[in-house]
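This note is addressed to a colleague who has not yet examined the structure. Its points are numbered and may be read beside the sequence and the coordinates.

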Amino acid sequence: REVLLSNERESAYLRQIERNEEEKLKLEEDVIEYRNKLQVCQLQRQQLQELLDTSLENDEVVKSKAVQQLNKLRLDLENQHARDVRAVRQWYEEDKAHLLDEIQRLSQTISQHLLPLPDEVDVAPRRRSLSDHSSSGD
C-alpha cells in the first residue's frame, strides 16, 4: 500500500511538475512577447524623439527665417519712408522756389504798371464836415 501511495504521490508530483513546466513555458512565452512589445515601444519612442527633435529644429529654422524676413521688411519700409520724405522735401522746396519766383515776377509786373503818384497829390483821406452831410440830403 505504501508503494501505491508512493506511486500516487509520485504521479501527483509528476503532474504538478508537468503543470509547472507548462506554466513556466507560458511565462517564458509571455516574457518573450513582453520583450518584443518593449522593443517596439522603445523603437516608437526613439522615432517620436527624432520627430520631435526634427520638428523643434524646423521650428527654430522657421522662426529664424521669419525674423530675418521681418527685419528685411522693416529695413525696406524705413528706406522707402526715407526716400519718400526726401522726395516730399524736394517737391516742397521746388514748389516754394517756384512760388517765390512767381511772387517776385508779379511784384515786378505790378511795380512796372503802377503809375507813380505825383508828390503834390494828397493821398490822405479827407473828412467831410457835418455841413457836407446835411447839404447832401442825408
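1. Is glutamate 21 buried, partly exposed or exposed? The model is a predicted one, and in it glutamate 21 counts as partly exposed, because its relative accessibility is 48% and the exposed class begins only over 50%. This residue lies in helix α1.

2. Glutamate 21 also belongs to a surface feature. Together with Glu18, Glu22 and Glu23, Glu21 makes up a patch of negative charge on the surface.

3. The general setting should be stated next. The protein contains two helices and zero strands, and helix α1 covers residues 2–113. Of its 138 residues, 1% count as buried. The accessible surface amounts to about 13700 Å², with 56% of that area belonging to carbon and sulfur atoms.

4. A nonpolar patch is likewise found on the surface. Its members are Tyr13, Leu14 and Ile17, which together have about 330 Å² of accessible area. Tyrosine 13 is placed in helix α1. With a relative accessibility of 55%, tyrosine 13 counts as exposed, because this value is over the 50% that the class requires.

5. How many salt bridges does the count give? The count comes to six. Three of these pairs are described in the points that follow, each with its position in the helix and the accessibility of its two partners.

6. The pair of lysine 26 and aspartate 30 comes first in this account. Their side chains meet in a salt bridge, with an N to O distance of 3.3 Å. The two residues are four apart in helix α1, so about one helical turn separates them. Lysine 26 is partly exposed, its relative accessible area being 42%. Aspartate 30, by contrast, is buried at 19%, because buried means under 20%.

7. Aspartate 59 and lysine 63 form another salt bridge, in which the closest N and O atoms lie 3.5 Å apart. Here too the partners belong to helix α1; they are four residues apart, and therefore separated by about one helical turn. Lysine 63 is partly exposed, with a relative accessible area of 45%. Aspartate 59 is also partly exposed, and its value is 33%.

8. A further salt bridge joins lysine 72 to aspartate 76, the closest N and O atoms being 2.9 Å apart. Both residues lie in helix α1, with a spacing of four residues, or about one turn of the helix. Which class of accessibility does lysine 72 fall into? Lysine 72 counts as exposed, because its relative accessibility is 53% and the class covers values over 50%. Aspartate 76 has a relative accessibility of 34% and counts as partly exposed.

9. In summary, the reader may wish to keep two surface patches of helix α1 residues in view: tyrosine 13 of the nonpolar patch is in this helix, and so is glutamate 21 of the negative patch. The salt bridge of lysine 26 and that of lysine 72 may be inspected alongside them.

How values were computed: Residues are numbered from 1 along each chain as its sequence is written. This is a predicted model: local features need pLDDT of at least 70, side-chain atom pairs count only at pLDDT 80 or more; totals for chains, interfaces and linings use all residues. Side-chain values use heavy atoms; hydrogens and water are left out. A salt bridge is a side-chain nitrogen of Lys or Arg within 4 Å of a carboxyl oxygen of Asp or Glu. Buried means under 20% relative accessible area, exposed over 50%, partly exposed in between (1.4 Å probe, protein chains only). Accessible areas come from the Shrake-Rupley method with a 1.4 Å probe; for residues, only the protein chains shown count as cover. Patches are made of residues with over 30% relative accessible area and no salt bridge: like charges are joined within 9 Å, nonpolar side chains (Val, Leu, Ile, Met, Phe, Trp, Tyr) within 5 Å. Lys and Arg count as positive and Asp and Glu as negative; His and the chain ends are not counted. The place of a charge is taken as NZ of Lys, CZ of Arg, CG of Asp or CD of Glu.
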